[in-house]
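Let's go through this one together, asking at each step what lies behind the words we use. Here is the structure to look at.

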Amino acid sequence: MSVTVRVPAKVNVQLAVGGARPDGFHDLANVFLAVGLYDEVTVEPADELTLTCTDPGGDPVPDVPLDRTNLAARAALALAGRHGLGDPGVRIRVTKDIPVAGGMAGGSADAAGALVACDALWGTGASRAELLDICAELGSDVPFSLVGGAALGTGRGERLRPLPVGGEFWWVFAVADGGLSTPAVYREFDRLSPAAPAPVAAPALLDALRTGDVERLAATVTNDLQPAALSLFPTLKQTLDAGTAAGAVAALVSGSGPTTAFLAADEAGARAVADRLAASGTCRAVRVAGSPAPGATVLSGN
Ligand code: C5P
């Protein structure tokens, strides 16, 4: 018996960040959009909790912890804890296609995937509300990985309101050499913006999503973490410029970076931007993905 769950990456089309709260987190108006790049999480019974992480070709993925600090392992432990299952014997296999430490919520995706997969494997029958509650405990972006589509995240990003999306949006993602630590980017944000105003979702951006208007979305995407990410990773400016020169209609850092995201007019446009960006030599790899994408989905259980 094993269960496999597929979980999408995300891009933040608006990331409005307020000042640091007493608990160290920042209030956000975070407009999440799930994109069609996926990790898969497979769980099966085992003598003890183990975790592996390989790329789609089967090679090990560097820089991913394989112990109980991995968010996917923590998700399994949290579900088992709540349902009195003790220390769970489960083998967790992550097939990782989402860039690691890239600002695309790959770790959060694995947590949401492990949670849904273990719930199915163990027959715990957790309600959606309970799953979302566990997700919020695990990390600010994890609830969105579960629900997918598009949503406005408030609070520290974990309180979600689903958003309607009236069309497809196509993206190119440029994977950088190296990663950025999310807490470090928020610390740099605090240094650069000591008096950040309360974050508010932009009505024009929500309208662009609702109507599927790519030009309007291009004109309204923003990321308040971008100056901080560029300050810590200055060469990203060259990647952003290369994407714009390659024909992207908008260019921004994805979440806390260092992946950069480029909105294209349509799928053919995205493929053309990707080819030119790959040839520019300003990034390690490029990926094309459509949006919105569905949230955590059980692919198979047998
Ligand atoms: O919630 P998560 O564990 O993903 O957050 C990682 C780190 O990012 C936090 O420890 C915090 O430094 C920063 N963060 C923040 N405000 C948020 C979300 C994350 O400061 N709303």
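Q: To start with charge in this predicted model, how far apart are the mean positions of the positive and negative charges of the chain?
A: The 22 positive and 32 negative charges have mean positions 3 Å apart.

Q: What makes the chain as compact as a globular protein of that length?
A: The chain is built from 10 helices and 12 strands. Its radius of gyration is 19 Å, and the globule rule gives 19 Å for 302 residues, so the chain is as compact as a globular protein of that length. For a sense of its extent, the C-alpha trace spans about 55 × 45 × 35 Å along the principal axes.

Q: How many of the contacts between residues at least 6 apart in sequence join residues at least 24 apart?
A: Such pairs make up 76% of those contacts. As for burial, 52% of the 302 residues count as buried. The accessible surface comes to about 12,200 Å², and carbon and sulfur atoms account for 52% of that surface.

Q: Why is Val-7 called buried?
A: The cut-off for buried is under 20% relative accessible area. Val-7 has 0%, so it is buried. This residue sits in strand β1 (residues 3-20), and among the residues it touches are Leu-37, Tyr-38, Ile-98, Ala-109 and Ala-296. The C-alpha atoms of Val-7 and Leu-146 are 7.4 Å from each other, with their positions 139 residues apart along the chain.

Q: And what makes Ala-245 exposed?
A: Exposed requires over 50%. Ala-245 reaches 70%, so it is exposed. Its place is in helix α9 (residues 236-245).

Q: How do you know that the aromatic pair of Phe-32 and Phe-144 is stacked?
A: Two aromatic pairs are counted in all. For Phe-32 and Phe-144, the ring centres are 4.6 Å apart and the planes differ by 10 degrees. A pair needs centres within 6.5 Å, and stacked needs planes under 30 degrees apart, so Phe-32 and Phe-144 meet both conditions.

Q: Which parts does that pair tie together?
A: Phe-32 belongs to strand β2 (residues 26-45) and Phe-144 to helix α4 (residues 142-147), so the pair links parts 112 residues apart in sequence. Phe-32 has 0% relative accessibility and counts as buried; Phe-144, at 2%, counts as buried too.

Q: What makes Trp-171 and Phe-173 a stacked pair?
A: Their centres are 6.2 Å apart, with 20 degrees between the planes. Those values fall within 6.5 Å and under 30 degrees, so the pair is stacked. Trp-171 and Phe-173 are both buried.

Q: Where are the cis peptide bonds at Pro-258 and Pro-292?
A: One joins Gly-257 and Pro-258, with omega about 5 degrees; Pro-258 is in the loop between β9 (250-253) and β10 (260-264). Another runs from Ser-291 to Pro-292, with omega near 0 degrees, and Pro-292 is in the loop between β11 (285-291) and β12 (297-301).

Q: Why does Asp-63 count as exposed, and Ala-101 as partly exposed?
A: Partly exposed is the range between the 20% and 50% cut-offs. Asp-63 is at 72%, so it counts as exposed, whereas Ala-101 is at 43%, so it counts as partly exposed. Phi is positive in Asp-63, near 70 degrees, and in Ala-101, near 50 degrees. Asp-63 lies in the loop between β3 (50-54) and α1 (71-82), and Ala-101 in the loop between β4 (90-95) and α2 (106-122).

Technical notes: Residues are numbered from 1 along each chain as its sequence is written. This is a predicted model: local features need pLDDT of at least 70, side-chain atom pairs count only at pLDDT 80 or more; totals for chains, interfaces and linings use all residues. Side-chain values use heavy atoms; hydrogens and water are left out. Helices (H or I, at least four residues) and strands (E, at least two) are DSSP runs, numbered from the N terminus. The radius of gyration is taken over C-alpha atoms; the globule rule is 2.2 Å times the number of residues to the power 0.38. Buried means under 20% relative accessible area, exposed over 50%, partly exposed in between (1.4 Å probe, protein chains only). Contact means heavy atoms within 4.5 Å. Accessible areas come from the Shrake-Rupley method with a 1.4 Å probe; for residues, only the protein chains shown count as cover. Lys and Arg count as positive and Asp and Glu as negative; His and the chain ends are not counted. The place of a charge is taken as NZ of Lys, CZ of Arg, CG of Asp or CD of Glu. Rings of Phe, Tyr and Trp (its six-membered ring) pair if their centres lie within 6.5 Å; planes under 30 degrees apart count as stacked, over 60 as edge-to-face and the rest as tilted. Lists of a residue's contacts leave out its neighbours within four places in sequence.
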